[in-house]
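Q: Could you take me on a close look at one part of this model, the place where chains A and C meet, and then show me how it sits beside the rest? I'd like one connected account that I can follow with the structure open.

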Amino acid sequence: MKIAVCLRRVPDTTAKIVIGPSGTVIDETGVKFVPNPYDEYALEAAIALKERAGSGETVVVALGPDNVQETLRTALAMGMDRAVHLQGAASADGLENARVLADHLRGGSYDLLLFGKLAVDDYGQQTGAMVAELLELPCATAVTHLAIEGGRAKVEREVEGGVEAASCALPAVFTCDKGLNNPRLPSLKGIMAAKKKPLDITPVTVAAGRVTVVSLALPPERAAGRIVGEGAAAVPALMQILTNDAKVL
Amino acid sequence: MGTVLPVRHQAPLPANMICTDAPSDEAIELDVLIVGGGPAGLSCAIQLARSAPELTIGVLEKAGSLGEHSLSGAVINPSALRALFPDLHDQDFPLRQPVSGEAVYYLTPTGSLRIPTPPTMKNHGNYTASLCELVRWLGEQAEALGVNVFPGFPAESLLVNGQRVIGVRTTAGGLDRERQPTDVYQVPTDLTAKVVVLAEGTRGPLGQAWREWQQVGSDNPQLFALGVKEVWDVARPLDRVIHTMGWPLPFDAFGGSWCYPLGPQQVSIGLVAGLDYKDASFDVHESLQRMKLHPLFRGLLEGGTLLEWGAKTIPEGGYYALPHRLSGDGLMMIGDTAGFVDVPSLKGIHYAMESGMLAAATIAAALQRGGGDAASLASYDQAVRGSRIVRDMHKTRNMRLAFHGGFVSGVVQAGLMTLTGGAFPGGRIAMPADVDAPRRVEPPETFVPDNVLTFSKVDAVFKSGNATRDTIPSHLVVGPDITGDVADFYAHLCPAGVYEREGDGLRVNPPNCIDCKATDVVGPRWTPREGGSGPKYRLM
Amino acid sequence: MPNILAVLEVRGGALRKGANELVAAARRLADVNGETVDALVCGPASVAADGLGAAGADRVLQGTHADFAHYAPDGIAAVVAAIGAPYRAVMVAATATGKDLAPRLAARLNAPCAMDVTAVDLQGDAIRVVRPVYAGKALQTVDLRGLAVIAVRPGAYATVAPGRPGVAESVAVPSFTQRLAVEPVRGSDKGSLDVAEARVVIAGGRGLGDPKHFALLEDLAAAFGGEAAVGASRAVVDAGWAEHGAQVGQTGKTVAPELYIAIGISGAIQHLAGMRTAKVIVAVNRDKDAPIFKVADYGIVGDLFDVVPALTAAVKTAKAH
């Protein structure tokens with residue numbers, strides 16, 4: 001079983017978002033960066049599948065500037081076997097990033113390519129499925145259950161109003177959702193071992209693509225609310241508002 | 001009105017902190033293990049990695065990442081940074097700005113009287129800084145030198161063999177409220193080392209346990225103060241460093257406030273009070289909230305935004321509270337754990353760093369000769385006693401102590417001490433421990449935050465970044481005979497809303513805890529908990 | 001002339017709700033330059049799609065294939081790959097299925113893709129979209145040049161008048177390999193709705209005074225008929241009045257329902273962090289100075305034991321119509 005996980009480095013979800021001077025990206029001053037939480041489900045799945053299989057290799061791949069190496073080390077500390085840094089600036093066009101990842105992963109003889117279902121910075125939600133299409137591999141996104149048996153994968157994903165099960169032959173691509181597993185934290189031994197695990201650097205060039213970020217802005221402040229009235233007597237007025245103005249009933 | 005005597009309600013230190021179990025077969029073997037990744041521990045690691053690159057050095061830090069539990073005013077004396085990085089210039093250090101002016105005020109509820117800056121408080125040549133930022137930067141330097149930095153791993157107990165400290169055991173992770181393992185359970189890890197350096201910071205539990213076990217006393221008990229701090233984004237820059245005395249502290253409490261510029265857009269503001277205060281209803285957090293509405297500060301903060309909030313205790317006992325021994329068999333204490341804070345100058349960071357560097361020199365020499373035994377580490381004691389750390393602390397040895405009798409007599413005595421270079425009054429002013437100071441039970445003043453300039457404790461804790469798992473087991477050990485009055489005392493003492501009075505009893509909300517250690521000094525004991533718990537300071 | 005293709009979601013041989021909304025979003029974009037909207041419907045047989053014309057579709061393209069009995073991403077992608085290239089934009093609803101499909105279509109069409117779009121417009125030749133990023137803590141505006149795939153967040157567009165002809169046509173389904181075999185959706189086996197998924201969240205705080213009063217909230221949630229879940233503040237979860245899974249806030253769940261009703265919740269920042277992106281916030285609290293009223297769109301000051309039963313009755317009446 002050879003498994004690759006594609007990993008993103010993102011600001012901590014609790015970070016306060018401040019728009020940078022360019023007006024198109026956040027101000028990263030003082031912001032803590034972490035492995036993308038959804039990618040941690042993918043890492044945990046990869047490590048656990050290999051543990052269960054008793055053999056194989058788990059490879060973590062990240063595209064980006066040099067600071068992604070720190071994130072790759074965290075994945076190695078969790079238990080991934082080796083890391084690949086595709087060194088280059090990612091594009092705002094997810095398809096271009098997917099091309100670079102697909103080019104690298106093609107020919108890697110992977111049985112399984114895992115992604116997080118989304119990265120909590122740009123919420124792009126596309127890389128995994130695009131890589132699958134580019135490699136002409138079966139794919140399911142946002143899986144909450146994943147089992148491998150006899151060269152086939154069985155997955156489940158949550159859709160509006162229910163659960164959708166699917167299956168396919170390997171190799172395959174899956175993007176991982178919350179609920180798939182509980183990612184392990186790196187152990188002290190893992191952190192020590194990670195320092196000695198291979199981290200290969202491959203320079204890549206990502207095409208600019210056809211997406212331009214025009215602006216990044218904080219959402220408008222909520223308009224000041226109002227007190228509809230006091231006590232049960234105010235309920236009819238509230239219902240009127242919810243039905244006719246807010247249209248949420 | 002009654003009295004609360006804190007010592008009657010305090011539990012002893014948990015016994016498991018000195019652990020005689022043989023280290024696990026899986027133990028990680030290091031040459032030197034530093035417990036605590038603050039300025040002291042990281043300076044020790046950096047100096048040691050440079051002078052003895054062949055050593056395997058590990059730094060355990062309880063915060064989820066470096067700096068997230070570090071808090072200080074801070075005005076930093078850059079001398080230790082210069083000594084540790086002789087090839088760098090001041091502008092290379094992660095400091096915010098040089099101190100360009102300073103003012104000291106005596107506050108009344110509505111007025112302020114500018115008073116001459118006491119000589120000990122002059123800050124010309126120093127820099128304002130965020131300690132979190134400094135610690136993160138020091139961590140990068142240490143890692144670049146090959147030091148193994150392990151954030152998210154609190155040390156729970158010292159592993160000992162006979163009288164010798166041989167390592168530590170980390171806390172377990174992933175336990176539920178009943179201490180049962182969940183599916184993300186993390187087994188405790190043992191680490192062994194030839195030398196364990198305790199750099200736990202203020203009121204370190206292992207330092208306390210080791211001293212109790214080895215019966216290492218001090219002339220006076222260590223005294224502590226609690227500081228509550230906020231960082232604000234402000235519309236106009238502050239042009240000077242401000243310190244105040246007097247209001248909003250009660251007359252019989254020792255302490256004061258600060259307000260420092262952190263570059264053109266931010267200020268640090270905070271209030272410190274000695275934990276020997278006499279009024280059980282006194283509340284440092286609420287006092288700071290009131291203080292921000294004082295004319296001296298209100299104009300500065302209005303239109304601004306609270307960015308971050310935090311709190312921490314400070315060891316204030318000074319020279320006479322220093323442990324009689326700073327090292328032993330396999331163990332050394334550096335920084336705040338040892339109490340290297342000079343209260344009159346409000347400085348500790350550069351002493352912490354310097355003590356770490358002195359420890360590094362001793363360790364390098366000792367390990368070259370093959371030992372980490374008590375005799376080979378004792379030269380650290382001599383080095384510290386001959387350093388300016390102890391020299392400076394000796395000069396001001398009675399100054400904080402003089403304030404135990406109240407503010408006015410304290411000011412007069414402190415003035416005489418400065419004039420005489422510490423010789424007045426001769427000898428040592430004996431002090432009771434904070435926990436032995438009785439508290440008057442008084443009805444509290446109610447305070448309603450406006451959520452613009454002033455905030456409740458619950459909201460303040462959010463601003464500390466604390467996102468501790470709600471289902472962690474309690475790490476706080478409550479002592480006996482808790483009455484409603486005691487519960488009220490704890491509720492006011494704790495700045496983070498961990499304690500609430502419920503009827504005549506006490507309700508504890510452990511996830512709120514931001515590791516300030518205030519109640520460990522005069523109330524419920526603090527013990528190490530799951531790694532990464534507590535605050536996530538970025539600006540403190 | 002470049003046009004808009006709206007790819008609609010079919011489940012169990014029928015259009016999913018939200019089809020009209022997506023067509024309306026496509027219509028709005030098409031109207032900027034007087035273009036046309038084609039709605040693509042892929043089912044096992046011809047799918048009833050009479051309303052799509054009224055919603056704004058010029059043509060309704062029906063692709064039929066036995067494999068379209070349930071979601072067949074490889075098949076739909078094959079259809080769109082065959083017919084999509086001439087369009088200006090391909091639009092899908094950003095549902096679980098739409099988000100699964102959109103990047104596949106983009107890769108097949110060699111087009112950029114924007115997810116969870118809340119506003120779409122033309123800017124010169126480019127399509128300009130606005131989309132929430134950083135968990136809704138910021139809004140990103142991006143331009144996509146050339147043919148683009150746009151996944152529109154449900155709830156972002158109201159249906160528009162006047163209608164269009166909605167001429168039904170069939171579209172050829174090219175042969176395709178079903179790489180992924182998808183089974184029919186089975187109903188959620190979860191007993192009750194999760195706060196993070198519910199359209200309406202009724203949340204209670206310490207103001208309830210006693211755990212047994214949560215029944216009042218459950219009654220109100222029930223009045224919404226299966227689309228509401230009961231949430232709780234951290235204080236009451238800590239007190240053991242509610243399960244941790246129901247906790248809304250920084251250390252609990254982050255929710256963004258259409259309607260959030262906070263009952264007896266004072267509004268600590270830690271709680272607000274988990275619900276402030278709700279579309280409409282209603283607060284009921286006895287204390288008129290409670291911070292929750294600062295973030296609530298609509299508030300009622302009063303005793304929740306009077307207000308909540310009255311609200312429950314009113315919602316029941318409204319839902320009965």
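A: Happily; what follows starts at the contact of chains A and C, moves into chain A, and ends with chain B. Please keep in mind that this is a predicted model.

Let's start with the contact itself. Chain A brings 65 residues to it and chain C brings 62 residues. On the side of chain A that touches chain C, the elements that give two or more residues include four helices and strands you can pick out early in the numbering: helix H3 (94-105), helix H4 (127-135), strand S7 (139-149) and strand S8 (152-159) of chain A. Further along, strand S9 (162-169), strand S12 (211-217), strand S13 (226-230) and helix H6 (235-245) of chain A also belong to that group. Sorted by class, this side of chain A holds 37 nonpolar, 16 polar and 12 charged residues.

One of those elements, S12(A), deserves a closer look. S12(A) pairs with strand S10 (residues 138-144) of chain C in the antiparallel sense, over 6 bridges. If you want a residue pair to click on, try Thr212(A), whose bridge partner in S10(C) is Asp143(C). Strands of a sheet pair through backbone hydrogen bonds, either parallel or antiparallel. Here the pairing is part of an open sheet of 4 strands, with antiparallel pairing and the order S12(A)-S10(C)-S9(C)-S8(C). S12(A) and strand S8 (119-123) of chain C stand at the edges with a single partner strand each, so one side of each has no neighbour in the sheet. On average, and with direction ignored, neighbouring strands of this sheet are turned by 25° against each other.

Now step to another contributor, helix H3 of chain A, where you will find Ala102(A). Is Ala102(A) buried or exposed? Ala102(A) is buried, because 21 other C-beta atoms lie within 10 Å, and 20 or more count as buried. Leaving out residues up to four places away in sequence, Ala102(A) touches Val131(A), Leu134(A) and Leu135(A). For a sense of scale within chain A, compare Ala102(A) with Gly229(A): they are 127 residues apart in sequence, and their C-alpha atoms are 59 Å apart in space.

Still in chain A, helix H2 (residues 68-78) makes a useful stop. Of its 11 residues, 9 are buried, so H2(A) is largely enclosed by the rest of the structure. The buried residues of H2(A) are Val68(A), Thr71(A), Leu72(A), Arg73(A), Thr74(A), Ala75(A), Leu76(A), Ala77(A) and Met78(A). Just after H2(A) comes Gly79(A), which takes a positive phi of about 140°.

Chain A also touches chain B. In that contact, 15 residues of chain B meet 11 residues of chain A. On the chain B side, strand S11 (148-151) and strand S15 (181-186) are the elements that give two or more residues. S15(B) supplies the largest share of that side, with 3 residues. By class, the chain B side divides into 6 nonpolar, 6 polar and 3 charged residues.

That brings us to chain B as a whole. Its secondary structure comes to 13 helices and 29 strands. The C-alpha trace of chain B spans about 65 × 55 × 45 Å along its principal axes. Its radius of gyration is 22 Å, which agrees with the value near 24 Å that a compact globule of 540 residues would have. Buried residues make up 58% of the 540 residues in chain B. Among contacts in chain B between residues at least 6 apart in sequence, 79% join residues at least 24 apart.

Two places inside chain B are worth opening up. One is a helix pair: the axes of helix H1 (residues 39-51) and helix H7 (residues 349-368) of chain B come within 7 Å and cross at roughly 35°. The crossing of H1(B) and H7(B) is right-handed. Among the residues that meet there are Ala40(B), Cys44(B) and Leu48(B) in H1(B), and Ala352(B), Gly356(B) and Ala360(B) in H7(B). The residues of this helix contact divide into 12 nonpolar, 6 polar and no charged.

The other place is strand S19 (residues 241-246) of chain B. S19(B) runs parallel to strand S8 (residues 102-107) of chain B, joined by 6 bridges, and Glu102(B) has Val241(B) as its bridge partner. S19(B) also pairs with strand S20 (residues 255-261) of chain B, in the antiparallel sense over 3 bridges. In that pairing, Thr244(B) stands opposite Ser257(B).

Methods:
Residues are numbered from 1 along each chain as its sequence is written. Chains are lettered from A and ligands numbered from 1 in the order in which they are written. This is a predicted model: local features need pLDDT of at least 70, side-chain atom pairs count only at pLDDT 80 or more; totals for chains, interfaces and linings use all residues. Two residues are in contact if their C-beta atoms, placed from the backbone, lie within 7 Å. Ala, Val, Leu, Ile, Met, Phe, Trp, Tyr, Cys and Pro count as nonpolar, Asp, Glu, Lys and Arg as charged, and the others, Gly among them, as polar. Two strands pair if DSSP finds at least two bridges between them. The radius of gyration is taken over C-alpha atoms; the globule rule is 2.2 Å times the number of residues to the power 0.38. A residue is buried if 20 or more other C-beta atoms lie within 10 Å of its own, exposed if 12 or fewer, and partly exposed in between; C-beta atoms are placed from the backbone. Axes are lines fitted to C-alpha atoms, for helices over the stretch in contact, and angles run from 0 to 180 degrees between N-to-C directions. A crossing is left-handed if the near helix is turned anticlockwise from the far one by less than a right angle, and right-handed if clockwise.
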